[in-house]
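Work through the exercises below with the sequence and the model open beside you. Try each task on your own before you read its solution.

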Amino acid sequence: MNRSEIIDLRSDTVTRPSAAMRAAMHAAEVGDDVYGDDPSVNRLQDYAADRFGYEAALWFPTGTQSNLAALMSHCGRGDEMIVGQDAHTYRYEQGGAAVLGSIQPQPLVNQPDGSLALADIAAAIKPDDLHFARTRLLALENTIGGKVLPPTYVRDATLFAKSRGLATHLDGARLMNAVIASGQSEREAVAGFDSLSLCLSKGLGAPAGSLLFGAKPLIANAKRWRKALGGGLRQAGVYAAAGLHALEHQVARLAEDHDNAVHLAAGLAALGLNVEPVQTNMVFVEIAQEDLAALKLYLPEQGVIASLGTRTRLVTHLDAPRDKIDTALAAFGRYYAVKQHATATYRAAASPAAGGLPPGLAELYSGMR
Ligand SMILES: *Cc1c(COP(=O)(O)O)cnc(C)c1O
């Protein structure tokens with residue numbers, strides 16, 4: 001199958017740079033960013049800091065590194081961060097904050113809307129006592145699992161953290177999806193946070209890169225950690241040009257991804273599947289255990305790539321426009337139609353009126369009933 005025909009719904013990280021983005025990368029003026037003299041990186045950082053209302057911004061090759069450098073800039077050895085059980089910085093970064101940053105995570109249960117209950121945060125903050133780690137930071141994530149944190153919650157949580165002397169970090173890998181879905185302004189959405197990490201390489205479509213935002217001293221500190229973590233790239237302007245193109249031209253179109261997610265969810269629900277409510281570009285659908293093996297074989301044959309599980313996450317993005325979503329829905333539809341037909345045929349053949357199946361076949365098809 002031609003690569004351009006494949007429908008990859010595993011993640012919005014699979015997006016490839018558009019022709020216009022490649023042209024911007026091709027034309028990028030570059031320098032050595034470790035010396036701070038890559039004009040394209042500097043342009044992106046200045047532009048982004050101003051746009052989001054921070055003193056400074058710093059480009060990173062990945063969001064994992066951007067988050068880690070931020071956590072290490074807020075917290076020293078033996079300090080503690082309060083974070084969600086489901087947060088990327090706790091669960092999906094190999095525990096880097098603890099392993100590499102000597103930071104103790106205090107994970108809290110995420111509420112169904114993705115938030116951390118203020119009462120849980122309050123109870124987790126340790127008193128100033130030599131038995132305890134020093135609680136320094138509250139880290140939130142938006143969007144989280146495709147959900148937008150309620151803006152009033154974000155305001156309350158960041159104000160509360162501040163009132164208790166905690167710094168605040170937002171893992172905003174998909175912040176722009178939250179902004180588009182909530183209708184908040186970018187600055188409003190991040191106003192309460194001392195630092196923000198934003199991915200350029202997810203729905204925004206750059207091939208690599210994240211930005212960390214904060215006050216100048218924090219960003220200076222993070223720049224030191226970035227070098228120690230191996231993230232001091234040289235002619236990074238090639239990437240920065242892609243990031244700038246993404247921020248300038250590929251934000252508003254995220255609304256299309258959200259519309260496509262709603263369309264995909266409705267199509268799957270019409271097949272009788274249980275689908276969770278959609279807020280941004282992620283669809284979570286329940287797939288019965290008995291269908292997993294067959295779908296894992298059938299969907300790739302039809303050009304549909306998905307991370308199939310009993311709770312399957314499908315992610316819409318700029319390389320999966322409406323016609324591809326419909327192609328994917330048609331593939332799911334064919335599978336369930338064939339299954340229904342086969343089951344009906346089996347039932348008819350196995351019915352007492354038809355004399356029942358011969359013993360050998362009954363055993364062979366025992367899963368079908
Ligand atoms: C993707 C992602 C990151 C960073 O991932 P990288 O692959 O390292 O760029 C961080 N946080 C969240 C919530 C993410 O989805």
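**Exercise 1. How many helices and strands are there in the protein, and what share of its residues counts as buried?**

Solution. Begin with the secondary structure: the protein has 15 helices and 11 strands, where helices (H or I, at least four residues) and strands (E, at least two) are DSSP runs, numbered from the N terminus. The model is a predicted one, in which local features need pLDDT of at least 70 and side-chain atom pairs count only at pLDDT 80 or more, while totals for chains, interfaces and linings use all residues. Residues are numbered from 1 along each chain as its sequence is written, and side-chain values use heavy atoms, with hydrogens and water left out.

Next, turn to burial: 49% of the 369 residues count as buried, a term that means under 20% relative accessible area, with exposed meaning over 50% and partly exposed in between (1.4 Å probe, protein chains only). Then take the dimensions, for which the C-alpha trace spans about 80 × 55 × 35 Å along its principal axes. Finally, consider the contacts, meaning heavy atoms within 4.5 Å: among those with a separation of 6 or more, 74% are accounted for by residues 24 or more positions apart.

**Exercise 2. Which residues touch the most other members of the largest nonpolar core?**

Solution. Start from the term itself: a nonpolar core is a set of buried Ala, Val, Leu, Ile, Met, Phe, Trp, Tyr and Cys residues joined through side-chain atoms within 4.5 Å. In soluble globular proteins, nonpolar side chains tend to be buried together. The largest core here has 47 residues, and those touching the most other members are F52, I82, L138, L140, L175, F213 and L247. A second core, separate from this one, has 25 residues, including I7, L264, L292 and F332.

Now follow F52 outwards, leaving aside its neighbours within four places in sequence: its contacts include L175, F213 and L247, and it also meets E186 and R187.

**Exercise 3. At what angle do the axes of α13 and α14 cross, and which residues meet?**

Solution. Two packed helices are described by the angle between their axes and the distance between the axes. Axes are lines fitted to C-alpha atoms, for helices over the stretch in contact, and angles run from 0 to 180 degrees between N-to-C directions. The axes of α13 (residues 289-301) and α14 (residues 322-350) come within 11 Å and cross at roughly 130°. The two helices are therefore oblique to each other, since angles under 35 degrees count as roughly parallel, over 145 as roughly antiparallel, 65 to 115 as roughly perpendicular and the rest as oblique.

On the side of α13 the meeting residues are E290, D291, A294, L295, Y298 and L299, and on the side of α14 they are A331, F332, R334, Y335, Y336 and K339. Sorted by class, this contact has 8 nonpolar, no polar and 4 charged residues, where Ala, Val, Leu, Ile, Met, Phe, Trp, Tyr, Cys and Pro count as nonpolar, Asp, Glu, Lys and Arg as charged, and the others, Gly among them, as polar.

**Exercise 4. How are α8 and α12 oriented to each other?**

Solution. First read the geometry: the axes of α8 (residues 175-182) and α12 (residues 254-270) come within 9 Å and cross at roughly 75°. The helices are therefore roughly perpendicular to each other. Then look at the contact, in which M176, N177, I180 and A181 of α8 meet L254, A255 and H258 of α12; by class it has 5 nonpolar, 2 polar and no charged residues.

**Exercise 5. Is D79 buried or exposed, and what does D79 touch?**

Solution. D79 lies in strand β3 (residues 79-84), and with 4% relative accessibility it counts as buried. Not counting residues up to four places away in sequence, D79 touches S102, I103, Q104, R134 and R136. The C-alpha atoms of D79 and Q104 are separated by 6.2 Å, although these residues are 25 residues apart along the chain.

One of these partners, S102, sits in the loop between α5 and β4 (104-108). S102 has a positive phi of about 55° although it is not a glycine, and at 32% relative accessibility it counts as partly exposed.
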